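This briefing reviews selected local features of one protein model. Please keep the sequence and the structure in view while reading.

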Amino acid sequence: MRRQGAIRGGLLFTTLLFAAGCDGPPPPLDTSGPTADWPHYGQGLDGLRYSPLDQIRPDNVARLEEVWRYESGDVALGDETQTRTSLQVTPIVVGERLIFCTPYNRVIALAPETGEELWTFDPELRLRRLHGAYPMICRGVAHWQDAEADDGNDGECRERIFTGTQDAELIALDAATGRPCAGFGEAGRLALRDDLGDDVPPWEYYVTSAPLVVDDLVIVGALVADNVRTDAPPGVVRAFDARTGELAWAWDPIPPDQPATSTEGPYRRATANVWAPMAADAERGLLFVPTGNAPPDYFGGQRNGLDHYASSVIALHTRGERAGEVAWHFQTVHHDLWDYDVGAQPSLVELNTPEGPVPAVVVSTKTGHVFVLDRESGEPLHPIEERPVPQDPAPGDWLSPTQPFPVTPPTLFPPQLTPDDAWGLTFWDRGRCRREIESRRAEGLYTPPSLEGTVVFPAATGGINWGSGAVDPSRNLMVVNQSRVPTGVRLIPRDEYDALPEEETRTDAGGLAGANRLYGEMGGTPYAVSVELLSSPLGMPCSAPPWGTLTAVDLDAGEIRWEVPLGSTRGLAPWPFWLEWGVPNVGGPIVTAGGLAFIAATPDRYIRAFDLASGETLWRADLPYAAHATPLTYRLGPERRQFLVVAAGGHVFSDPGDAIVAFALPEPE
C-alpha cells in the first residue's frame, strides 16, 4: 500500500491566496540562501526544532502545495488482537535519505525530494497488544557516523541508524542499506528488558522516543506503563557504545540518601522513568533528561522517597570519570500526584542577559510553566517562587506545602477552574458542567486527588506535552502549543474497585475504545483511580475555549508576545459548526529563519503556518489524516527546493491512518 510522487491540488484556500497578494503571476523561486537537513529528532541535539532555511517566507507560504505522499501500510484500527496505531514520528534527513519508523517499528528510508522508497527494515515486532490508553507508536530514530571507521567492507555500518522498539530492543542499522550492524550487540540488537526483573511483562516497559547519540554513545530511556503497581520496572537511563553496544554507563534515579541496592537486579524498581526525548550539550558533556513520575501517578504514600528525581530535568555528565552522574537537577513538581511529568524535550538556548549571553536550558511543563535555568548549574535565570498550594491529601499520603512557580515567563495556563468558570453552549449544559465541578474538589492547580473526586486542570495530557516548544535562537522566541481541558480524578478504595464489573475496569486498549473514563489499578496501594474527561452532555469540555493554544514567549524578556487558538472543531462537531475555537492537540511546532512557525497537531486534519512575528495564520492545508506529530523541513542543496514534511496518522480521538506528506513551493516553469 504505497504511493509515491502523487501531486495533489486544491489544498490552498482562495482567501489566503488573495490575502497574500498571490493573484498575479508567481514570483521566481529563490534558489539562494542556506541549505540544511534535519539530522536529529529535534533538528539538533539542542532540541530547538529550528531550521535556518528561508526559501519559504510569509510572502510566499500560501503557494505551498503537496508534492509527494508515502504510505507504509502499518496501520490498525485496534481490536482484540492488536492495539490501534498512531503515526507520531518526526523523520530525520541525513545523506540524501529521509528515515523514519512506523508504529510497528519498521524503519524506512525514502528519497527526500520524491518520496521514493530506498530501503525498509522489519524487526518483526512481537508485541502488538499494549496496556492502557497507549497507542502503537514510534516517535523517531537517531543517526550516527563513525569518525574512526575505515572504508573496509565498503563502509558498511560506518553510518548507523538507531531505533528503539516496543519489544524493548535497541537496534543498529546500516544507514545506506537498512541491514542490521552485525558488530553491535547480538546481530545488531540489544535486549533492553534484560536485568529489569523476571516479572516485567512486555507491555510494561518499552521505547517510544528517539534514542539520543552523543560522544559515540547511544542513550535510551523507556516508557513504563502508568498506574499499574508500586513495584514498577526500573526507570534507568543507559548509554551504550555506538560501535559495539557494550554498556558504557547507567544512571539509576535513586535518591542520594538511599543505597544503590536491589534484590531484583542491578537497578532499583519503582524509580522515575525517562520516556520523553532528551537533549545534549556535546561541548560541555552534559545530557538533559526529563523525568516521569515514580509509580503510581495519583498516590504517593508508598514511594518511600523514590520520587526525588521525578517530574524533573536532570543534567548528567556524559563522559569522563563522572559519566552517568548527576551534575544538577531541578524538580518542576514536588511529590507529583497529578501525572505532571516532564514530557517536553529540554531546549538549549543562549539567554541574553545584562551581563551577556548565558547558556540556558528551558524546561516546559504540563502545567504551562516555562522554567529558564542556567545550563551549567541549574540555577534559575528568571525568578521562580515556591508558593503555597492546596493541602489535605487522601489518607496515607502527604503533600508538599509549596510548589515552584515561574514569575517570568508567566504561567501559560489558566490559574483554576471553579464552578463559576463552567462553560457550555447552552444554559442547560453549562449548568451540568457547573454541577460536575461543584461535586469535586476544585481549589486550583495542585488540588490533590481525593475520594470525593478532584478537578485536575490542566489534565495529565497538559498543558505542554511531548510535542515540546520550538525556539528561534536569533530572537530567543519560543513557540509552544497546549491543550486546555479538565479531567476528574477520583481515588477508589480497593474493596470498592474490586467489586466493579471487570468489563468496566478493563485497562487494555480494546476496553478503552470510545471510553470517557479510564481506570488504573495502582496495585500495592489502598486505592485504584478513575480519570474522566469533564465534558458537557454535548461532549464539549467544561472549561471555556480555547481548548488548544499556540503561544510565543520571549525567553530573554520573560514575556508572552502573542497567543492564538490552535485548531478548529472540524471533525469534532457537525458542519457547519466548524469554529476556530482551539481544540485539544497532540504534536509540536517547528520554526524557521523564514519567519514562520509550522504545526499540525490538531484533530481537524490541517497543517498550518503562522507568522512568527504576529501569530497570524498565513496558510493551511488539508491532510489525509490528523497529524499528531511534529513536522520537519529541509533543503538539500543550491538550486533545490525547501520541503516541509509531516506524518499524518491519527490518534485516540481521530481515525488512525498512515501517510508521510511533503509540501514545497512550485517548481519554476
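Is Glu438 buried or partly exposed, judged by its relative accessibility? Glu438 counts as partly exposed, at 44% relative accessibility. The model is a predicted one, and the points below cover its salt bridges, two strand arrangements and a nonpolar surface patch.

**Salt bridge within helix 2**

- Glu438 forms a salt bridge with Arg434, and their closest N and O atoms lie 3.2 Å apart.
- Both residues belong to helix 2 (residues 427–438), where a spacing of four residues separates them by about one helical turn.
- Arg434 is likewise partly exposed, its relative accessible area being 28%.

**Other salt bridges**

- Across the whole structure, a search finds 40 salt bridges.
- As a general principle, side chains of opposite charge can pair when their charged atoms come close.
- Asp216 and Arg243 form one such bridge, with 3.5 Å between the closest N and O atoms.
- This pair links distant parts of the chain, 27 residues apart: Asp216 sits in the loop between strand 12 (212–214) and strand 13 (217–220), while Arg243 sits in the loop between strand 15 (237–241) and strand 16 (247–251).
- Asp216 is partly exposed, with a relative accessible area of 30%.
- Arg243 is partly exposed as well, at 21%; residues count as buried under 20% relative accessible area.
- The side chains of Arg303 and Asp307 also meet in a salt bridge, at 3.1 Å from N to O.
- Arg303 is buried, with a relative accessible area of 4%.
- Its partner Asp307 counts as buried too, at 8% relative accessibility, because the cut-off for a buried residue is under 20%.
- A network of salt bridges links Asp199, Glu204, Arg229, Asp231 and Arg269.

**Open four-stranded sheet**

- Four strands make up an open sheet in the order 7-8-9-10, with antiparallel pairing.
- Strand 7 (142–145) and strand 10 (189–191) stand at the edges of this sheet. Each has a single partner strand, so one side of each is left without a neighbour in the sheet.
- From one strand to the next, the twist averages 20°.
- Strand 10 pairs with strand 9 (residues 169–174) in the antiparallel sense, over three bridges.
- Within this pairing, Arg189 of strand 10 is the bridge partner of Ile171.

**Hairpin of strand 30 and strand 31**

- Strand 30 (residues 517–520) pairs with strand 31 in the antiparallel sense, over four bridges.
- Gly520 has Val529, in strand 31, as its bridge partner.
- The hairpin has six residues between the strands, and Met522 takes a positive phi near 50° there.

**Nonpolar surface patch**

- Leu425, Trp428 and Leu538 form a nonpolar patch on the surface, and together they have about 320 Å² of accessible area.
- Leu538 lies in the loop between strand 31 (527–533) and strand 32 (548–554).
- Leu538 is partly exposed, with a relative accessible area of 47%. This value satisfies one requirement for a place in the patch, because patch residues need over 30% relative accessible area.

Definitions and conventions:
Residues are numbered from 1 along each chain as its sequence is written. This is a predicted model: local features need pLDDT of at least 70, side-chain atom pairs count only at pLDDT 80 or more; totals for chains, interfaces and linings use all residues. Side-chain values use heavy atoms; hydrogens and water are left out. Patches are made of residues with over 30% relative accessible area and no salt bridge: like charges are joined within 9 Å, nonpolar side chains (Val, Leu, Ile, Met, Phe, Trp, Tyr) within 5 Å. Accessible areas come from the Shrake-Rupley method with a 1.4 Å probe; for residues, only the protein chains shown count as cover. A salt bridge is a side-chain nitrogen of Lys or Arg within 4 Å of a carboxyl oxygen of Asp or Glu. Helices (H or I, at least four residues) and strands (E, at least two) are DSSP runs, numbered from the N terminus. Buried means under 20% relative accessible area, exposed over 50%, partly exposed in between (1.4 Å probe, protein chains only). Two strands pair if DSSP finds at least two bridges between them. Axes are lines fitted to C-alpha atoms, for helices over the stretch in contact, and angles run from 0 to 180 degrees between N-to-C directions.
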